[in-house]
Amino acid sequence: MRPFLASVMTLALAGSAAAFGQDVTGTVESNQLAARSATFYVNTSATINNARTESLGVAITSSGDVVIGWEDDAGDEAELNYLGAVWTLYSGGGVSVTPDTTITSNLGGEITSKFLSYFRADKSPIPGNTAWGPKIKANLFGDGFGMGATVYALGGEVPAWADWDAGGDWPGVQLLSSGSEPLGIVSGVPADYGAASGNIRIGDWDYLANGNIVVVGESRQGDDLVNRYGGAAAGNHVIYRIVTPAGQEVKAVSLASEVPSVTEMWHGAAVTANGFAIRFGLGGRGTVRLFDNAGNPTSANIDLGTLAENELAAQGGRGDGIGFHGNGKDAYVCATTGLDGGGARQVWVTVLNADGTLRYSKAATPGVPLTNVGRVDAAIDESGRVFVVFGGTTANDNPNFPLIIGTMLKPDGSPVDKPFFLSEREGPLEAFYESRHPRIAVRKDAFAVVWESQNSELDFGTRVVAGRTFGIAHKPGSIESVGLTRIVPDTPVINPGADALGNWEPYASVLGTSTFLIEGNTFADDGLMMNQRYVVMLQPAAGGAPKMVEGFYADNGQPFKGQINASRQNGNPGRVAGDTRPGAVNYMVGGEASPHVYSQFQSDNRWNLGFDRLTDGRYGTVQAFSLDVGTLTPSPLFKAIDSSNARATSGVPPGNQITRFGGDIAALGNGNFVSVVEDRSRVLVADSDYVAATIYAPDGTVVKDTFVVANGDIWSNVAACQGGFVVRAKPQDGSAGRVLYFYDNAGVLKGQAHQSTSGSNFDAGRGDGTRIAGHINSPYVFLAGKVTDGNIVKVAAWDCRNQQFVAAAEVSEAGFAGNFDRANLAVDALNRVAVSWVSQPPGYEQNQVAARVLVLNPDAKTITPLTSSFLPFVNAAETGGIRTIQMSIAMTTKQILVAAKGEINLANQPANGANSPRELNFYTVISHPDPKDDPTPPVGGAPEFTRIAKNANGTLTVEWTGGGTLQSAPAVTGDWTDVAGAASPYTFTPSQTQGFHRIRR
């Protein structure tokens, strides 16, 4: 039908095309926005649609998903497809993420749907026919979202709430984690209050900054206004109650208004950092009252018309058709509509400061001749920008039926540009029917808008929920643009003077807090420029001259520069891992190699135990080193060995790719190393490739011999954490997705978690572009990658102690429009995570590595940014062939290293264009946005004084263990300064009668 209708519409409008676009001339881009999604339709006839869609709500979770709620009644409340109050989740990219769920009624029957409502205590979902009029909110201060609604029959499905149903309707809120785990139901009134005769509708609700919940109701128990609150006459009245997430009452039910007069409300609870506001209708006028987070009033009733000195600010009555929201920080916005003094239709915006004073009150669309305006809404972000949406018509654009129009206002209330049609599919030349009643939500730089549309291709003329997502346009800048400084400019790991062979990229790690390690593949030193070898760049983390060393040393202890791979010269990149304990000196190198073929590695019988490595077999090979961090001189700790099958005494692999890196290497918190490869040898599993792990001591002693993590493949995805390590691999049952397997340092499996428990659609592949990372001082492991349901990079965290999901967040800004590819990450000792990804920002002809630094707050279950996204390399240019891809990242608590491959300007003059060989390996070191000392217990334990002695010559000698820096001060309160060059034992001559010393880790 659509092609025919489109052609008819085009013919009908052809003669008047010039009439369109005269009033609404703005665009998404001109309003400094970027569209994150196309218009999407939620409850089409392909799902459940009862043709009565109304009462929409929307919010954005801390993980970036969009919660959408609505009402869509059927003919009979007993029907399971009666959707009185339901919600579902979409990704920030506009893709449905709530899975099909079986919903069983206690009263009989079941349905399968993505549209959910309340949950029982056992976390089973119930049908959407127990309440109506949903109000959707997400916690602006941490984890969680929920749906509030006017409940009338919850007790039949959740018996614990039967007492509340006895008196009539009551306000009930279903709370969930951002990962959609049901957390419980809370009520806006206690049982005896709700059970009294008469209805109490939900007015609105929200999360407070202190973690509690405010629930606002419109009580129609009219006599209470007299009997409970001392009013002169019975009537409706707005009440509020504060409860904990567990439902414990914090603030008893109280009257919202300063005076016990008749008040009404439908929408209008909003929050800032130090309190909340309730907007209600008092005598038909928009009125606001402010409260602190404990629920104590901090203002009298504020008549918005009087405050703004403009009657348009007081329009909207109880609130059905207006918007009132807080930004979670310091402001509230109220959007209304009405006729101004000159009789012109206006969309009006009033912004209040958190203390109730007026910031501004003005027209949102000055100069635009609006002929009709339906419902309006507005969202205000933390910077004070306001995004206004409304359904309406203008004199020239669309005289026949309303469409959704948006406009952006600067923090001072002035328009960014002209208004624009919100949907690319529902403009005046595309839409066939009306669109109306928009609702909007904001979180950080992301906006989500939903509305009632009759323009769905499946259901022309039937009202459905439509949506679209946006972000504040973001084009990443240099490190300086986010306040960072460069410690080491872009530096090649090695420049062989020839193009790489197409599969070589760097891997990075850090040794202690002193030295970054960057593994690179290059050509063997045989003059042929065609055979593979491994090298490692040693870069002091604080800056200074680096040193390149060989990745593998021959059995005689000398660096090996020859060909080391007998069957694939563009073989997989090598791996490197450093012991991250302060003061550590050991690191391990891994790579796919064939040392059994070369005489330099045949000083003993280790290749001849019975396992056939073939004449050209290659396998994950590892070797550990001890580094003199002063001279950057490594010493091999054992001979290069086969990581997985070094002790195998039989077997013939089916091909020369025996084991692969593939996996990765991680240094454990006790100083040992775990090496994980993708094993294709068939030694431990006869009929499948499998992920194999082996734990080694630094001297090569086997701590735990090779064991199978899971069947299947792997790429990187091995991470150490406090007390153990994590491997991301396929599920044991062979089903789809990826699982995090949690081990202790001895290699004992402690549990597992499917990556889907994050609630995010991370790629389910082997891990080329989806990686994990951790730190031995932190009990959390992090996963980062581009999700499959949007042009979005996300990060998630799990607790290694109990394998529970903790938090997730979007890394890339909502308005970062670059095309994204693989991601990588690193974690420091304080749960700060640096994430990098391949992007192509607007205006760039080639891919560029982007990065952002964030921090996990495990108590709030949030991951929040410390910086905006930025381009970490000096070599970032829109033209000239500059390209950076396939990055690796490492960090201390003070510095961040990003390594990549690509084509750069070797003089670090990117404006002059690329002049390096193709796919050169290089790196840069930049400052940490929040530098702090590393609290990780050092090698040998925490620093400890072991001896203080007074010598015969009057000097003092101080001795200590555990490394660290000796500091001195004239008093115990400071000021403390480092003692230059001091190492244990330290002898000095006292210069004063008293002095104090301490060791700083």
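How many bridges pair β18 with strand β19 (residues 285-292), and in which sense do they pair?

## Strand β18 and its partners

The answer is 8 bridges, in the antiparallel sense. Two strands pair if DSSP finds at least two bridges between them, and strands themselves are DSSP runs (E, at least two residues), numbered from the N terminus. Before we go on, keep in mind that this is a predicted model: local features need pLDDT of at least 70, side-chain atom pairs count only at pLDDT 80 or more, and totals for chains, interfaces and linings use all residues. Residues are numbered from 1 along each chain as its sequence is written, and side-chain values use heavy atoms, with hydrogens and water left out.

Back to the β18–β19 pair: look for Phe 276, which stands opposite Phe 291 in β19. The hairpin of these strands has 2 residues between them, and Gly 283 there takes a positive phi near 65°.

On to β17 (residues 269-272), which pairs with β18 in the antiparallel sense over 4 bridges. Thr 272 has Gly 275 of β18 as its bridge partner, and a hairpin of 2 residues links β17 to β18. Strand β16 (residues 263-264) also runs antiparallel to β18, joined by 2 bridges; Glu 264 is partnered with Gly 281.

So much for partners; what about cover? β18 spans residues 275-282, and 7 of its 8 residues are buried (under 20% relative accessible area; exposed is over 50% and partly exposed in between, with a 1.4 Å probe and protein chains only).

## Two nonpolar cores

A nonpolar core is a set of buried Ala, Val, Leu, Ile, Met, Phe, Trp, Tyr and Cys residues joined through side-chain atoms within 4.5 Å. The largest one here has 32 residues, and Trp 87, Tyr 118, Leu 154 and Val 189 touch the most other members. Strands β5 (83-90), β8 (131-138), β9 (145-151), β10 (170-176) and β15 (249-255) each chip in at least two residues. The largest share, 4 residues, comes from β9.

Apart from that core lies another of 26 residues, including Tyr 534, Phe 560, Phe 625 and Leu 627.

## A nonpolar patch on the surface

Val 683, Leu 684 and Val 708 make up a nonpolar surface patch, with about 200 Å² of accessible area together (Shrake-Rupley method, 1.4 Å probe; for residues, only the protein chains shown count as cover). Val 708 sits in strand β45 (residues 702-711), and counts as partly exposed because its relative accessibility is 31%.

Patches are made of residues with over 30% relative accessible area and no salt bridge, with like charges joined within 9 Å and nonpolar side chains (Val, Leu, Ile, Met, Phe, Trp, Tyr) within 5 Å. A salt bridge is a side-chain nitrogen of Lys or Arg within 4 Å of a carboxyl oxygen of Asp or Glu.
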